[in-house]
Amino acid sequence: MLRALRTAALGMSAQQTSVDNTANNLANANTTGFKRATVVFQDLLYQSVQRGGEGDQRPAAMQLGSGSAIVATQRTFLQGSLMQTGNSLDLAVNGEGFLQARRPDGSVVYTRDGAFTLDADGRIVTQSGLALEPDLEVPPETQEIQISSDGVVRVRLQNEPDALEIGRIEVAQFSNPAGLRSIGANLYEQTEASGEPQIGPPAEGGAGLLQQGFLETSNVDVVQEMVDLITAQRAYEMNSKMITTSEEMLQIANSMKR
Amino acid sequence: MLLRLRNAATSMADIVHRQDRTANNLANANTLGYRRDRSFTEVLRSEIDAEGSPQSDRRTVGQADLVAGALDPTGNPLDVALGGEGFFVVDGPDGAPRYTRAGRFLTDADGTLRTANGAAVRGTNGPIRLPSGGPILITEGGEVTVGGQRVGTLQVVTFEDAGTLRRLDDTSFTSAAPPVAVAAPVVRQGFVEGSNVDPIREMADMIAHVRLYEAQQKTVQTTDAILGQVARDLGSF
């Protein structure tokens with residue numbers, strides 16, 4: 001009897017984690033470059049109450065399970081839709097690959113959020129102030145910045161007819177992007193599970209194209225999240241009913257002896 | 001008379017096991033690829049005692065209900081669902097094969113196809129390694145190509161007798177019987193197969209179990225009352 005109680009309790013806590021995850025997805029429905037996470041459920045160990053195949057023809061055993069749990073939250077790196085902003089320092093990767101930014105300690109982090117800006121020294125930085133990797137400095141007398149789909153950055157200076165190339169933006173690809181660790185602020189860190197990044201120019205080796213003047217919106221589908229929320233809520237409710245029912249059975253057993 | 005008590009007690013213990021099973025099914029109503037656990041009670045031996053009350057020895061066996069779950073589109077290239085019968089084959093922690101319908105796969109650092117729990121997915125020629133670059137396509141026959149280059153074929157197997165399947169964690173099964181390759185598997189890329197638990201049926205079972213339990217308890221109580229009365233009345237004679 002206590003098994004059903006615990007099984008249902010584990011079921012409830014797994015559903016609760018699922019709701020937490022949906023809440024985070026919904027909260028980031030409008031976050032640039034956000035990738036939705038999904039939870040992966042699995043069933044837990046089975047206890048063999050009777051073993052099968054012993055001394056008779058029926059091979060089936062009697063096994064009782066012990067509930068469900070969440071093994072992983074998996075990020076879905078499906079492309080979000082591209083939104084035109086017209087801002088010359090807004091970049092979206094259309095396809096595979098991450099933009100790179102460098103933290104003050106020199107380590108590189110990865111992002112799909114291409115809302116860049118200039119700092120006081122004219123360097124291209126993220127909204128949180130991390131420098132774009134590789135470093136690109138925009139001269140102060142720049143009138144126009146052009147970023148081609150293959151990552152080449154050109155600037156047109158005042159009183160100069162020809163654009164001047166100042167560098168090239170590269171993108172990083174991972175064999176397992178789902179293994180990246182989210183560190184907040186739309187940034188990801190490389191882990192052992194994600195593997196080493198393959199860094200190269202956009203539009204080559206399977207990497208996507210850069211689109212200047214666009215931002216990638218979140219890939220959260222609000223309707224899908226609401227459906228997930230309802231499913232989790234109902235499953236939670238059913239597991240809670242199992243707990244009250246198990247409790248009722250215990251009560252019946254208790255009242256056997258008057 | 002005492003047999004009646006024993007019968008009721010056995011039945012109550014049996015109902016508890018059934019309820020445990022229903023609880024596990026409900027807890028896994030949202031677990032991808034989960035197969036409903038169902039049970040059969042077999043009567044092994046029946047006899048009638050001196051008073052005419054029947055007594056039976058029973059045994060409950062569980063078996064996975066292999067009815068397909070609903071396919072849920074995810075659009076994720078490494079999510080695969082089996083449209084027909086069969087199981088994907090993954091490596092267990094002890095190296096023995098495990099069989100699962102939960103086709104939500106990932107790649108690890110060197111591109112090997114794995115389950116969320118880290119078990120390597122077996123292809124017909126060993127593990128499947130996906131190089132990065134290029135779109136991943138998985139055909140209906142389970143052939144995996146990356147950027148047009150074939151990297152392996154998902155192994156899809158079935159069993160002649162589903163009764164040989166034993167449950168393990170990680171939504172997987174093991175079997176003592178040798179697996180048989182499915183001749184024409186139906187692998188659907190971008191879909192995952194949901195649990196085949198029907199929550200309404202489980203809720204109905206749950207209520208039925210508690211009421212059966214109550215009825216058996218009343219049998220015990222009534223038998224107890226009759227026995228008490230017999231002892232009192234005969235004693236006062």
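# Chain B and its contact with chain A

Tutor: This is a predicted model. Chain B has a radius of gyration of 25 Å, whereas a compact globule of 237 residues would have one near 18 Å.

Student: What makes 18 Å the value for a compact globule of 237 residues?

Tutor: The rule is 2.2 Å times the number of residues to the power 0.38. For 237 residues the rule gives a value near 18 Å, but chain B has 25 Å, so chain B does not fit the value for a compact globule.

Student: What does the C-alpha trace of chain B span along its principal axes?

Tutor: The spans are about 95 × 30 × 30 Å.

Student: How many helices and strands does chain B have?

Tutor: Chain B has two helices and 19 strands.

Student: What makes a residue of chain B count as buried, and what percentage do?

Tutor: A residue is buried if 20 or more other C-beta atoms lie within 10 Å of its own. Of the 237 residues of chain B, 39% meet that cut-off.

Student: What share of the contacts in chain B with a separation of 6 or more comes from residues 24 or more positions apart?

Tutor: Such residues account for 63% of those contacts.

Student: Which residues of chain B carry a domain annotation?

Tutor: An unreviewed UniProt entry annotates residues 188-231 of chain B as "domain: Flagellar basal-body/hook protein C-terminal". In the model, this span is 75% helix and 11% strand, and its end C-alpha atoms lie 70 Å apart.

Student: Why are E11 and E12 of chain B called paired strands?

Tutor: Pairing needs at least two bridges between two strands. Three bridges join E11(B) to E12(B), residues 143-146, so the two count as paired, and they run antiparallel. Ile138(B) stands opposite Val144(B) in E12(B).

Student: Which sheet has the order E11-E12-E13, and what makes a strand an edge strand there?

Tutor: The sheet is an open one of three strands in chain B, with antiparallel pairing. Strand E11 (136-138) and strand E13 (149-153) of chain B each pair on one side only, and these are the edge strands. From one strand to the next, the twist averages 25°.

Student: How do you know that chain A touches chain B?

Tutor: Two residues are in contact if their C-beta atoms lie within 7 Å. By that cut-off, 57 residues of chain A are in contact with 52 residues of chain B. On the side of chain A that touches chain B, the largest share, 13 residues, comes from H2(A). By class, that side has 28 nonpolar, 23 polar and six charged residues.

Methods:
Residues are numbered from 1 along each chain as its sequence is written. Chains are lettered from A and ligands numbered from 1 in the order in which they are written. This is a predicted model: local features need pLDDT of at least 70, side-chain atom pairs count only at pLDDT 80 or more; totals for chains, interfaces and linings use all residues. Helices (H or I, at least four residues) and strands (E, at least two) are DSSP runs, numbered from the N terminus. A residue is buried if 20 or more other C-beta atoms lie within 10 Å of its own, exposed if 12 or fewer, and partly exposed in between; C-beta atoms are placed from the backbone. UniProt positions are given in the numbering used here, feature names are shortened, and annotations may be inferred rather than shown by experiment. Axes are lines fitted to C-alpha atoms, for helices over the stretch in contact, and angles run from 0 to 180 degrees between N-to-C directions. Ala, Val, Leu, Ile, Met, Phe, Trp, Tyr, Cys and Pro count as nonpolar, Asp, Glu, Lys and Arg as charged, and the others, Gly among them, as polar.
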